[in-house]
Amino acid sequence: MKKIGIGYEDYKRFIDDDMYYIDKTMLIRDVVEKGGEVTLFTRPRRFGKTLALSMLRTFFELEYDYNGNVIDKRRYFEGKKIMDADDKILSMMGKYPVIKLSLKSAKQPDFYNAFMKLREEIISEFERHSYLEKSDILSEEKKEVFKSFYKKAYAWTDKEYKSREEEKEEFTKEVGRYSTALKTLSECLKLHHNENVIILLDEYDVPLENAYYEGFYKEMVGFIRSLFESALKTNDALERAVVTGCLRISKESIFTGLNHLQINSVLDDTFAEGFGFTEEETEKMLIDYGIEKNIPEAKQWYDGYLFGDTEIYNPWSIINYVRSIVLDKRKFARPFWANTSSNQIIKDMIWQADDEMKKELDILINGGTIEKQIHEDITYDDIHESEDNLWNFLFFTGYMKKVSERRDEHKEEIIYLTMKIPNIEIRSIYTNQIRGWFDKQVKSADRSVLHKAVLLGDTDAVENYVSDLLAKSISTFDSDEAFYHGYFLSLMYGVPGYTAQSNREEGDGRPDIVLYPNRPKDPAIIFEIKVRKKFNEMEDGLFEAYDQIRDKKYEEGVLDDGYMGVKSYGICFCKKSCIVGRYDK
């Protein structure tokens, strides 16, 4: 079987190492025929954007070997779909100088370090084209300008002879200088090769998202705006550019004046199959690795996205899923995509949710849908200003999927989407964050009232306290006895004079929770927990708890351990309510 390339983002490595590759090469033709001079692709993270840019670079870039001979690019595309394209497209293979820049390294704690990382990336791209220093075509003046972007590049940071004010001034100048670096490199490449330049910019919004969370958003927006304006707007050396990210950032004028910009998001049909795996591609991969019986499970866990009207699977999750079954011999699906990010936005949303948003999350977690006005003009600054902005962010970054859409009857420019959680994997992200939030609520609650009620045998007070706390939560736990068990156990920690233990053997079974007294004269306290789906079944659940306490002889087991007394409670949960009863023999 061919190797599955987990984490590989270099197209050439897939070909050179003969790894399993789902053919996306027709994206090359589509970018030329359907894209703009500058095309922006917005897709969720880990949906193949970086690999796609690597493939585009491999196809278009004019490259030389160590002997100065032009590298024939056809070997990287033999047997691929793009070789069936017309002569116009194939004539572009290996024709253009290419600038490729990733902005993901700018995920840093402050603007200084973020800029320095971007500066290093830019310098690296100049060094990759260092042959321009020896160009017979570039003027000496042009060569000096070129070399200034990486020769002696760090001299200005020598702090031995600069005051803080001088350093700040030098840094500001350096930011301004590098904001035009890509345009300078483009001009030098065009002069040398007599061909316009293709620019590929990956993960352009990572610096902006990071800057928003770290508190230097304004500075980063200013630099990215200047970088893009010089490279993509006022650049006569530009042939075409492809930019990728998760979101379209427009209000900050990142793309101001780019009238030739074509934006393609998950709402558009064009390029729909270029990122992610189609259903056909996914099924073929599972068949190729002999696990076609897992197709239904893969669909439940990793399908659910619509790009335009095309059904798309999460590619990162699929390749990890196939590898885990074939090579690691794991038998169950897992949330692979969930572990590639901190999912900070989900955490923030849940921890700051008001009552209305909690109701909507309840609906979504339980498989329902919500309808929201959709707009692509999102800024990180505005995410938390309105609920609509937050839902839009979640939709475009892959945490929600489109079910249907409609136009406003009175304002046709307004579009509403009916949305839901795409699949089991994404549902697990919400669920885990919600449970984390709920655990914090439990830990921060004043439990002394509850503990007093338990010790006094006040079942009404126990019932009211527990139900009130549940009412503040989000329902991810319907019919999940394990959740209610863990939830109530956490409430019982810290009862004065007692130690809480779970599932310890007593009598002929294992009661859910037992509070063991530190002093022999105090009674042990047993809790047996049951769950029902309907409110009118809760009384039956309570009696089932009583029956289990009696039939399994839990109290006798505790007394046999030497404790001088015991009392028992039955508890039955249903959604955000509970009833509590005292067991009497």
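A residue counts as buried here when its relative accessible area is under 20%. By that cut-off, buried residues make up 54% of the 585 residues in the protein chain. The model is a predicted one.

**Whole chain**

Start with the complete chain in cartoon view. The chain holds 22 helices and 16 strands. Along the principal axes, its C-alpha atoms fill a box of roughly 100 × 65 × 55 Å. If you draw a contact map, take the contacts between residues at least 6 apart in sequence: 72% of these join residues at least 24 apart.

**Stop 1: the loop at Arg46**

Select Arg46, in the loop between β1 (38-42) and α3 (49-60). What is the sign of phi at Arg46? Phi is positive, about 65°, although Arg46 is not a glycine. Most residues other than glycine have a negative phi. The relative accessibility of Arg46 is 35%, so Arg46 counts as partly exposed.

**Stop 2: helix α5**

Next select residues 111-128, which form helix α5. Show the side chains of Lys117 and Glu120, which meet in a salt bridge with an N to O distance of 4.0 Å. Why are Glu120 and Lys117 about one helical turn apart? They are separated by that much because they stand three residues apart in α5. Both ends of the bridge are partly exposed: Glu120 has a relative accessible area of 35%, and Lys117 has one of 32%.

**Stop 3: helix α7**

Move to helix α7, residues 164-178. Two salt bridges can be displayed on this helix.

- Glu169 and Lys173: the side chains meet with an N to O distance of 3.6 Å. The two residues are four apart in α7, so about one helical turn separates them. Glu169 is partly exposed, with a relative accessible area of 48%.
- Glu174 and Arg177: the N to O distance in this salt bridge is 3.4 Å. These residues are three apart in α7, and about one helical turn separates them. Is Glu174 buried or exposed? Glu174 counts as buried, because its relative accessibility is 6% and the cut-off for buried is under 20%. Its partner Arg177 is partly exposed, with a relative accessible area of 28%.

Then select Arg57, Glu61, Glu125 and Arg128 together; salt bridges that share partners join these four into one network. For the total, a search of the whole structure finds 37 salt bridges.

**Stop 4: where α6 crosses α8**

Select residues 140-147 (helix α6) and residues 181-193 (helix α8). Their axes come within 10 Å and cross at roughly 140°. That angle makes α6 oblique to α8, because angles count as roughly antiparallel over 145 degrees. The crossing of α6 past α8 is left-handed.

Which residues make the contact between the two helices? On the α6 side they are Lys142, Val145 and Phe146. On the α8 side, show Thr184, Leu185, Glu187, Cys188 and Leu191. Colour this set by class and the contact shows five nonpolar, one polar and two charged residues.

**Stop 5: Trp437**

Go to helix α17 (residues 424-444) and select Trp437 within it. For a distance from an earlier stop, link the C-alpha atoms of Trp437 and Glu120: they are separated by 39 Å, and the two residues are 317 apart along the chain. Trp437 is buried, with a relative accessible area of 4%.

Which residues does Trp437 touch, leaving out those up to four places away in sequence? Show Ile350, Trp351 and Lys358, then Lys472, Ser473 and Ile474; Trp437 touches each of these.

**Stop 6: the loop at Lys575**

Finish at Lys575, in the loop between β15 (566-574) and β16 (577-583). Phi of Lys575 is near 55°, again a positive value in a residue other than glycine. Lys575 is partly exposed, with a relative accessible area of 36%. To compare, bring back Arg46, where phi is about 65° and relative accessibility is 35%.

Methods
Residues are numbered from 1 along each chain as its sequence is written. This is a predicted model: local features need pLDDT of at least 70, side-chain atom pairs count only at pLDDT 80 or more; totals for chains, interfaces and linings use all residues. Side-chain values use heavy atoms; hydrogens and water are left out. Axes are lines fitted to C-alpha atoms, for helices over the stretch in contact, and angles run from 0 to 180 degrees between N-to-C directions. Angles under 35 degrees count as roughly parallel, over 145 as roughly antiparallel, 65 to 115 as roughly perpendicular and the rest as oblique. A crossing is left-handed if the near helix is turned anticlockwise from the far one by less than a right angle, and right-handed if clockwise. Contact means heavy atoms within 4.5 Å. Ala, Val, Leu, Ile, Met, Phe, Trp, Tyr, Cys and Pro count as nonpolar, Asp, Glu, Lys and Arg as charged, and the others, Gly among them, as polar. Buried means under 20% relative accessible area, exposed over 50%, partly exposed in between (1.4 Å probe, protein chains only).
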